[in-house]
Amino acid sequence: MIGKLFDVPRRLPAGLAALLTLMAVIMLSAMADSTMQPLPASAPSARFSAERALAHLKEFAAEPRPIGSPASGRARDYLARQLRAAGLQVEIQRSVGAWSSAGLAAFGQVDNIVGRLPGTGSTGTVLIAAHYDSAAMGPGASDDGAAVAAMIETVRALRTGPGMRNDIVLLMSDGEEDGVLGAEAFVRDHPLGKAGGVLLNWEARGVSGPSLMFETTAGNSHLVETFVNAVPAPRGHSAMVEVYRLLPNNTDFTPLTKAGFTGMNFAYIQRSSLYHTAGDSIANLNRGSLQHHGTNMLALTRALGDADLRTLTSDQDVTYFRALGTMITYPDRLVWPLAVLALLAVAGLAVLARIRRLLSLPRLIAAAVSAVVPLVLSVALAQGLWELLVAWRPAYDLMGGLLHRPRPYQAAIAVLCALAVLGWYLVLRRRLGPAALTVGALTWLAGLGVLCAQVAPGASFLFALPALLGALGCLAAALSRGPAWARAAAALLGPVTAAMLLPSLAGDVFDGMGLALGGVSALILALFGLAVVPIAELFLPDSATRRLPDPAARPKRAVLLPVSLAALLLTTGLIATGLVADDFDASQPQRTHLAYVMNADTRTAHWVSADTDPPQWTRQYVTGHDTTTLPTGYARGTLWTGPAPAIAADGPRATVLAHREGTLKLHVTAGKGARSLTLRLDQPISHTTASAGRFGSASVPVTGTRAGTWPSEIRFRGIPAQGVQITLRVPEADRIRLTVIGETDGLTAVPGFVPRPPHLVAATREDGGLIAVTRGYTLTGDA
């Protein structure tokens, strides 16, 4: 019981035609997911112009503007002026924002910019949100300056027409990079934050690519309908929504929606190697990405601004995705029927093949079970390739897999996945038969469609549709008495559907997660390979009925060996190409971590680097791994260290105001010129409150402990010169050790410091590029 589901004459030309069709579909899908052409400043006033928005971006995003920095203050003042000039009611909300994670409590003094344009007959509020602060390592032209500049241009375009029906509120939040602090303070303390409404949040995780709608609140059917109908170039799909809901990542969208807002979240994610670095600059910003962001923002604001917002509530999600440039949507009530139909269609194909004696049940089970091998092998090969690359070029590790020019490596992973799937097929083709392997492969897709229908309904289409159309196509090809081209075309239904969906998803995952998690993209590519296995048969010799001395070995070896050698040679060539193309230079800088640490108690100082293999510039400061001379509680993970000259800095101070019954109350200052303060304790904490006087206070619960350092950490970014009061719950202990760290941006104040050469940029570790002055305390008994 071994045979094919269908056959066609002149199989090689048919196979080549099928392969070219798949390649064309993949290329057309990629082209359809492109961004937009930027419009010049001379564009009609009612339209969004990237060039007009860029003029604003140049005014506030030419330098880093972390929370509490002078650059942040300048950006705040400029942006508030622009909104007032556009006729909005503008206020600066000054508050303390808070956020917590395992063993960590983060606070910051935030200056949110809140602009309001009252509606003519409001049915609710449309909140447009983006953050104007940047990471300390770079100017944040994309993250999130582009969205903020787009807000100004959007307001300008809105004001050229009649007033909106609904209230339009612009939130330019502060402190997002340090834990969505501004958004948290907005929903906790501001009346507009408590009122709720429809949210449009804008982000970036790169400097290029289309503006993707990657996250929504639950019950998104009417929101997605508005998005699809209003936006001229909608991008994104519901699988992104499901994946992001499972990830621990946060943007301002998270606290705003937890407070009751419904809405959508947008970002572009390509060229993510420049994310949170000095490379996130205006020079590197893709103008088409800015245009796409702003065009979507303007179109959605107009649509929602004139809608009855009370009708946007829904109790169901929708599945949405693009197929060759067309957005397809269907309600979640169809997810399960489609998943079950896919499973039934695959079962029907198996029954037909069994009736025709093309497979047996044991062979089908063996084929389905064995299909896990290429999936696992693809993941292992992709992760193994990453480990090999890091071993060859240790600087990759500090980039977290987000490389400057990863395409050759990504192509190598694709080749390895193809080899894994094809090798599985060739090895078992003679033993189990083409029909069993095809049905077994489709069983995996159909099974994943059912699994996703249960746990991630918006992602079920990725697997259910290729399985359904693949099974129906094979059934049509097997039952048809029509011409050969019609049978071949029917058999292509499933592979073409998979080609429209899975390669682009793998590309998005590559862009968002990088090569360090390349196994995720490899798994998607391997599933795509399973969807297209029927095409492989068109290229293979029809030896099933020939009598050969060793029927299990000769045909297999005749094809498998040259295919494997060709794939390995191609993979080697692609890796070599990647190593050459992705070498570091001024346009593709290497990341390096360096911090200056001085113990104010002993006046001893050290350079510190978390690099695995520091570059030559960093090695002039660090010489070994001795961390015993660092201040207690400072070290986190494996570090390089080296001696450094002391500087004239008084450093932070902590005064115990009360210490009794498990509650410790402190007044802390960071020292002259310091922007931020960090406290580390050798005991776990369960609750922390920070008070900044007239700017207010905030409290957060804390669970768990920090990894690789002391168990508890408290941060206050943008700390006032007069300091703050910190109250924390700690277990009653005979002794508590406390290290207080005052942090100042930049290293130029250190004698002998030589700025980084152009081919190096500061790494994204939070203490990189900082002067950290510490002071230690041992607290005993009641105070």
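Which two side chains meet in a salt bridge at 3.0 Å, N to O? They are the side chains of D650 and R653, and they are a convenient place to begin reading this structure, which is a predicted model.

**Salt bridges**

A search of the whole structure finds 29 salt bridges, and three of them are set out below with the separation of their N and O atoms.

| Acidic residue | Basic residue | N to O distance |
|---|---|---|
| D650 | R653 | 3.0 Å |
| E766 | R715 | 3.5 Å |
| D511 | R407 | 3.8 Å |

In the pair of D650 and R653, D650 is partly exposed, with a relative accessible area of 47%, and R653 is likewise partly exposed, with a value of 38%.

The salt bridge between R715 and E766 links distant parts of the chain, since R715 belongs to strand β19 (residues 712-717) while E766 sits in the loop between β22 (760-762) and β23 (770-780), 51 residues apart. R715 counts as buried at 13% relative accessibility, whereas E766 is partly exposed at 30%. Through salt bridges that share partners, R636, R680, R706, E713, R715 and E766 are joined into one network.

In the remaining pair of the table, the closest N and O atoms of D511 and R407 are 3.8 Å apart. Because D511 lies in helix α18 (residues 493-513) and R407 in helix α14 (residues 407-432), this pair ties together parts that are 104 residues apart in sequence. D511 is buried, with a relative accessible area of 10%, but R407 counts as partly exposed at 46%.

**Helices α12, α13 and α14**

Helix α13 (residues 372-392) has 21 residues, which at 1.5 Å a residue should span 30 Å, and its end C-alpha atoms are indeed 30 Å apart, so the two values agree. Its buried residues are P374, L375, S378, A382, L385, W386, L389 and V390. These residues lie on the same side of α13, because they cover an arc of only 155° around the axis. On the face turned away from that buried side, α13 carries the exposed residues V376, L388, A391 and W392.

Helix α12 (residues 361-370) has the buried residues L364, A367, A368 and S370, and the buried residues of α12 pack against α11 (335-355), α13, α14 and α15 (434-455). One residue of helix α14 that can be followed in more detail is L428, which is buried, with a relative accessible area of 17%. L428 and A367 are 61 residues apart in sequence, yet their C-alpha atoms are 8.0 Å apart in space. When its neighbours within four places in sequence are left aside, L428 is in contact with S370, G433 and L437; S370 is itself among the buried residues of α12.

**A nonpolar patch on the surface**

Which residues make the nonpolar surface patch of about 550 Å²? The patch is made by L12, L16, L19, L20, M23 and F539. Of these, F539 is found in the loop between α20 (533-536) and α21 (554-581). F539 counts as partly exposed because its relative accessibility is 34%, a value that falls between the limits of 20% for buried and 50% for exposed residues.

Conventions
Residues are numbered from 1 along each chain as its sequence is written. This is a predicted model: local features need pLDDT of at least 70, side-chain atom pairs count only at pLDDT 80 or more; totals for chains, interfaces and linings use all residues. Side-chain values use heavy atoms; hydrogens and water are left out. Patches are made of residues with over 30% relative accessible area and no salt bridge: like charges are joined within 9 Å, nonpolar side chains (Val, Leu, Ile, Met, Phe, Trp, Tyr) within 5 Å. Accessible areas come from the Shrake-Rupley method with a 1.4 Å probe; for residues, only the protein chains shown count as cover. A salt bridge is a side-chain nitrogen of Lys or Arg within 4 Å of a carboxyl oxygen of Asp or Glu. Helices (H or I, at least four residues) and strands (E, at least two) are DSSP runs, numbered from the N terminus. Buried means under 20% relative accessible area, exposed over 50%, partly exposed in between (1.4 Å probe, protein chains only). The expected span of a helix is 1.5 Å times one less than its number of residues. The arc is that of the directions from the helix axis to the C-beta atoms. Contact means heavy atoms within 4.5 Å.
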